[in-house]
Each structure stands twice: as C-alpha cells, then as structure tokens.
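The exercises below are meant to be worked through with the sequence and the coordinates side by side. Try each task before reading its solution.

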Amino acid sequence: YFPGCVAHCTSEEFVHTLKLVMKSLDVEMEEIPDWNCCGATSAHVMTETLALALPLRNLVLAEKLGSKTMGIACASCYSRMKTTKVQVDADPELAKKINSTIIQEGNYQGTVDVKSMLQYCYEDIGLETIKNKVTKPLNGLKVACYYGCLLTRPKAITQFDSPEYPMSMDRIMEALGAETMEFDYKTECCGASFSISDTEIILSLSGKILEVAKESGAHLIVVACPLCQSNLDMRQPDIEKTTGKKYDIPILYLTQLMALAFGYPAADMRFNKHIVGVENA
C-alpha cells in the first residue's frame, strides 16, 4: 500500500475510510516502508530522470515486501507510478541506468503490478464480494460518479475501464444500493493543481462539473481522487459566488460510501472535514 503525501493531511478521511473498507473485506494493507513522494505534480515537468527515479524507488521498495500488487489511493500518485512502470518495463536499460545512479535500495525487477484502489476493488475484490458485505444499503441515494483525468487515462497506461465513459465506480455504487445518474462530465478535468497557481481555471472547469452533476439529479458527487475532491468541495463556495448559482452538492469519497454501506457509523466517516456538509444530500 502506497499512501502518498496527502494521506496524512488533506485526504485523511479518504485513507481512514479506505482502511475501514479493507478491514471489512479482509484485505491486509502493508504500507511500503520509507516510501517517498512520487513527484506529482511537478517532477515530471522538471527532469525525466527525477520523474522516473522517485516512483521507481517506491516500486523497488514494494518488490522487497514480496507483494504482487501496489495499491494506491491518490490518482496522481497512481498515474506517476503506473506511467513509470510502463516506461521502465518497456526499457529495462533505462531502469538499470536509474538504479545504478540514483536508487540504492536494490534493482528493479518488474514483479509488482500497480493499481488504483478503485481498480483493485473492482477487479481483485469484485462486485459480488462487495455486495455481500453491505449491511446498510444506500437505497434512495442518487450519485454522480466522477473519475477525473487520471484513473482511466491514457488507456495505454492505465489499461482499466473506458477513458471516455468509465463505469467501474458506478457499478460499485450500484452494488451498495445507490442509484447512479447519467453524467457526461465524469472524466472532464477539474483543473487539478491549477488550484494553487490559477484559481480562475478551477472555478471554470470545476463549475461545469458541478453544474452537470446538479442537472443530472444527483444528491452528491462520488470521487476517488484527493485533488478532485478538494477542487469540487473546497472551491464550491467560490464557484457559487462566480456563477450566482447555489449547488450545495457534497463531494464524498468512494470509500466513505462503501464504509457507510458496510455498517460503519456516520461518525467514523469524518464528514466534518468537508466544506459542503453531507446534510445537503
């Protein structure tokens, strides 16, 4: 398990509920010891060597644990780790070069697969197992599943679901008893890290996502990416001021709804960390 830098701060509620969900599913997550930042969102625009070395070191450390799969909660971390794996698997000499000059922990073997936790839940655990763990179905709840840019794209890298209209998260929500809405903006960009450097871009892009989700009739938006959650939730009051429209649409993590359906009390979901309150749903 690779937590990433945001696990202990901005997306703490994501990781907390992920651990609850994995416990219910009898999955033991072994955190990679001494892991380092994957380099998102800046290393890959600085130097190729740094962009590859940071994720590659984590892959080497994961291999030393003897695990077959590295599960990653953060979509940005997943993208950087999976991109690096695909690149060095296709070019073993590149991996050797980085190993010999930068990484001291060992040589990359290519034995660990890289999956987002959404992909792991859908492919490795499966819908039937998830459905069998439900004790409090989310009946009557209408959700818009928002995947963002990185969980399914580019297809050649992720090798998971449709890059244009994915349905894996929708199917998991349906297994929990929720109703998924027709939502054409499920893979549109929220603005990502421009939240720091150019807020206007976030207000425009995230505003369109909120607009379409509201029009779909959804009570809330479900995400599996900390940056998407932050942009759609934290910037929502600013977007409302800009558009003059009131959305009041909560942005919840996939794992929060899974944990609720598995019977954990609402007090364990840490909804108090959200800007838009869940009571609005």
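**Exercise 1.** Which residues does A261 touch, not counting residues up to four places away in sequence?

*Solution.* Bear in mind throughout that this is a predicted model. Begin by placing the residue: A261 belongs to helix α13, which covers residues 254-261. Next, collect its contacts beyond four places in sequence, which are K133, V134, T135, K136, L138 and L176. Then consider a distance along the backbone: A261 and I130 are 131 residues apart along the chain, yet 9.7 Å separates their C-alpha atoms. Finally, turn to the solvent: A261 has 0% relative accessibility and therefore counts as buried.

**Exercise 2.** Determine where L150 and S76 lie, and compare what each of them touches and how each is classed by accessibility.

*Solution.* Start with L150, which is found in the loop between β3 and α7. Leaving out residues up to four places away in sequence, L150 touches A75, S76, Y78, S79 and T158. One of these, S79, is 71 residues from L150 in sequence, while the two C-alpha atoms are 6.0 Å apart in space. Another, S76, sits in helix α3, which runs over residues 75-90. Seen from S76, and again without neighbours within four places in sequence, the contacts are C38, A40 and L150. As for accessibility, L150 counts as partly exposed because its relative accessibility is 29%, whereas S76, at 12%, counts as buried.

**Exercise 3.** Q119 and Q159 touch one another; is each of them buried or exposed?

*Solution.* First locate the two residues: Q119 is part of helix α5, residues 117-125, and Q159 is in the loop between α7 and α8, the latter being residues 168-175. The contacts of Q119, not counting residues up to four places away in sequence, are Y78, V114, D124, T158, Q159 and F160. Now apply the accessibility classes: Q119 has a relative accessibility of 4% and so counts as buried, while Q159 reaches 56% and so counts as exposed.

**Exercise 4.** Which backbone features of P154, Q159 and D248 deserve a check against the general rule for phi angles and peptide bonds?

*Solution.* Begin with the rule itself: most residues other than glycine have a negative phi, and most peptide bonds are trans. The bond joining R153 and P154 is cis, with omega at about -10°, and P154 lies in the loop between β3 (142-145) and α7 (155-158). Proceed to phi: Q159, which is not a glycine, has a positive value near 50°. D248, likewise a residue other than glycine, also has a positive phi near 50°. The position of D248 is in the loop between α12 (236-243) and β6 (251-253), and with a relative accessible area of 29% this residue is partly exposed.

**Exercise 5.** How many disulfides does a search of the whole structure find, and how far are C5 and C145 from their nearest cysteine sulfurs?

*Solution.* The search of the whole structure gives zero disulfides. C5 is accordingly in no disulfide, and the nearest cysteine sulfur, belonging to C37, is 3.8 Å away, while the cut-off for a disulfide is a sulfur pair within 2.5 Å. For C145, the closest cysteine sulfur is in C228 at 13 Å, which is too far for a bond. The surroundings can be added as a last step: C5, at 40% relative accessibility, counts as partly exposed, and C145, at 0%, counts as buried.

**Exercise 6.** What do the values for the protein chain as a whole say about its fold, its dimensions and its surface?

*Solution.* Count the secondary structure first: the chain has 13 helices and six strands. For dimensions, a compact globule of 281 residues would have a radius of gyration near 19 Å, and the chain's own value of 19 Å agrees with this. The C-alpha trace spans about 55 × 45 × 30 Å along its principal axes. Turning to packing, 52% of the 281 residues count as buried. Among contacts with a separation of 6 or more, 75% come from residues 24 or more positions apart. At the surface, the chain exposes about 12300 Å², of which carbon and sulfur atoms supply 52%. Charge completes the picture, with 27 positive and 35 negative side chains whose two centres lie 2 Å apart.

How values were computed
Residues are numbered from 1 along each chain as its sequence is written. This is a predicted model: local features need pLDDT of at least 70, side-chain atom pairs count only at pLDDT 80 or more; totals for chains, interfaces and linings use all residues. Side-chain values use heavy atoms; hydrogens and water are left out. Helices (H or I, at least four residues) and strands (E, at least two) are DSSP runs, numbered from the N terminus. Buried means under 20% relative accessible area, exposed over 50%, partly exposed in between (1.4 Å probe, protein chains only). Contact means heavy atoms within 4.5 Å. The radius of gyration is taken over C-alpha atoms; the globule rule is 2.2 Å times the number of residues to the power 0.38. Accessible areas come from the Shrake-Rupley method with a 1.4 Å probe; for residues, only the protein chains shown count as cover. Lys and Arg count as positive and Asp and Glu as negative; His and the chain ends are not counted. The place of a charge is taken as NZ of Lys, CZ of Arg, CG of Asp or CD of Glu.
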